[in-house]
Amino acid sequence: MRSRGAACAAALAALAALLISTPGRADESRAARRAVAARERGFPYTMVEVSSGVMTLPGADVCPVSVSPGACEQGETSVSLGIHNLYRWRDIGFGAGIFWAATLTSDAARGARSLERDHARSYFMLDGLFRYYALRIHSSEWWAGVTIGGVVVNDSWSVEADRNPYSDTAYVGPRAATIGTEGVAAGLAFGGDWAFADNWSVGSHIRYSSWFLPEKRKVSPTGDLASLSQRVDMFNIGVLIAYRLAL
């Protein structure tokens with residue numbers, strides 16, 4: 001009798017677990033079916049796209065060491081990250097997002113050797129984008145697009161005491177001298193993606209952007225010049241992963 005009661009209780013518990021989990025699986029499968037239908041039949045849907053890659057400024061005059069423009073070095077390579085939210089309808093996609101990059105290494109900056117001053121750069125872009133999906137082959141799509149937005153180039157100078165403070169005491173104010181150079185960015189992009197699951201796709205992209213920065217370099221309170229000025233060409237190549245959600 002006890003074993004029969006235990007078996008009934010176990011069956012009821014299993015049935016309850018099945019009833020609880022079934023709506024979740026149903027909702028998930030329904031969303032996946034809607035995402036597939038939207039992509040295949042041209043219905044509107046949204047997608048969040050995360051990308052990572054390498055950014056290069058091949059012709060930029062970068063001044064990491066001296067305030068003298070004649071001592072500038074040329075070209076720089078950085079690691080980049082980006083996230084964009086797009087609205088897709090048939091072969092047209094548009095949206096906006098952010099793009100961030102940082103130098104792979106820091107450079108020595110002018111000043112007393114005992115200070116051990118370093119200089120580093122980071123880049124931030126906020127842009128809108130428009131895409132035309134021109135070609136579809138089975139689960140793969142290829143697109144071309146344009147981008148327009150703003151760019152900020154941040155130059156930071158720090159000393160050894162800033163990077164490795166003598167104590168854990170927090171003082172008011174920043175631990176590095178930073179200046180930002182703002183400008184306008186416009187460019188072209190090409191890429192493709194492959195839908196490996198109902199809601200997911202992976203792909204790659206190549207991006208070119210022209211940055212229009214002020215002609216005169218900004219100067220920090222310590223007399224250091226901003227790294228970049230005037231027009232700068234930017235190239236970016238990377239991989240991306242996207243999640244689709246039907247409307």
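Start by selecting His-138: it is exposed, with a relative accessible area of 75%. On this scale, buried means under 20% relative accessible area, exposed means over 50%, and partly exposed is anything in between (1.4 Å probe, protein chains only). His-138 sits in the loop between β5 and β6. Those strand names come from DSSP runs numbered from the N terminus: a strand is a run of E of at least two residues, and a helix is a run of H or I of at least four.

Before you click on, keep in mind that this is a predicted model, where local features need pLDDT of at least 70, side-chain atom pairs count only at pLDDT 80 or more, and totals for chains, interfaces and linings use all residues. Residues are numbered from 1 along each chain as its sequence is written, and side-chain values use heavy atoms, with hydrogens and water left out.

**Two loop residues with a positive phi**

Stay on His-138 and check its backbone: phi is near 55°, a positive value in a residue other than glycine. Why look twice at that? Because most residues other than glycine have a negative phi.

Now jump to Gln-230, in the loop between β8 (200-212) and β9. Its phi is positive too, about 60°, although Gln-230 is not a glycine. Gln-230 counts as partly exposed, at 45% relative accessibility.

**Next door: Ser-229**

Select Ser-229, which is also found in the loop between β8 and β9. Is Ser-229 buried or exposed? It's buried, with a relative accessible area of 14%. Add Leu-213 to your selection: the C-alpha atoms of Ser-229 and Leu-213 are separated by 5.2 Å, though the two are 16 residues apart along the chain. Leaving out residues up to four places away in sequence, Ser-229 touches Leu-213, Pro-214, Glu-215 and Arg-217. Touching, or contact, means heavy atoms within 4.5 Å.

**Into strand β8**

Go to Ser-201, which has its place in strand β8. With a relative accessible area of 2%, Ser-201 is buried. Show what surrounds it: not counting residues up to four places away in sequence, Ser-201 touches eight residues that include Trp-194, Phe-196, Leu-240 and Ala-242.

**The nonpolar cores**

Time to look inside. A nonpolar core is a set of buried Ala, Val, Leu, Ile, Met, Phe, Trp, Tyr and Cys residues joined through side-chain atoms within 4.5 Å. Select Met-55, Leu-57, Tyr-123, Trp-211 and Leu-228: of the 16 residues in the largest nonpolar core, these touch the most other members. Colour β1 (45-62), β3 (92-103), β5 (118-137), β6 (140-158) and β9 (231-246), since each of them supplies at least two residues of this core. Which strand gives the largest share? That's β1, with four residues.

There's also a second, separate core of eight residues, and Tyr-45, Leu-129, Trp-143 and Ala-242 are among them.

**A buried arginine**

Select Arg-131, found in strand β5. It counts as buried, at 5% relative accessibility. Which side chains does Arg-131 meet in polar contacts? One is Glu-49, at 2.7 Å, and another is Tyr-133, at 3.4 Å. A polar contact is a pair of N or O atoms within 3.5 Å; within protein, one must be able to donate a hydrogen and the other to accept it, and residues adjacent in sequence count only if both atoms are side-chain atoms. Leaving aside neighbours within four places in sequence, Arg-131 is also in contact with residues including Leu-86, Asp-91, Ile-92 and Trp-143.

**Salt bridges to finish**

A salt bridge is a side-chain nitrogen of Lys or Arg within 4 Å of a carboxyl oxygen of Asp or Glu. How many are there by this rule? The count comes to seven.

- Select Arg-121 and Glu-76, whose side chains meet in a salt bridge (2.4 Å, N to O). This pair links distant parts of the chain, 45 residues apart, with Arg-121 in strand β5 and Glu-76 in strand β2 (residues 73-89). Both Arg-121 and Glu-76 are buried.
- Select Glu-141 and Arg-136, another salt bridge (2.9 Å, N to O). Glu-141 is buried, with a relative accessible area of 3%, whereas Arg-136 counts as partly exposed at 37%. Add Arg-88, and you have one network of Arg-88, Arg-136 and Glu-141, joined by salt bridges that share partners.
- Select Asp-233 and Arg-231, a salt bridge with its closest N and O atoms 2.6 Å apart. Asp-233 counts as partly exposed, at 25% relative accessibility.
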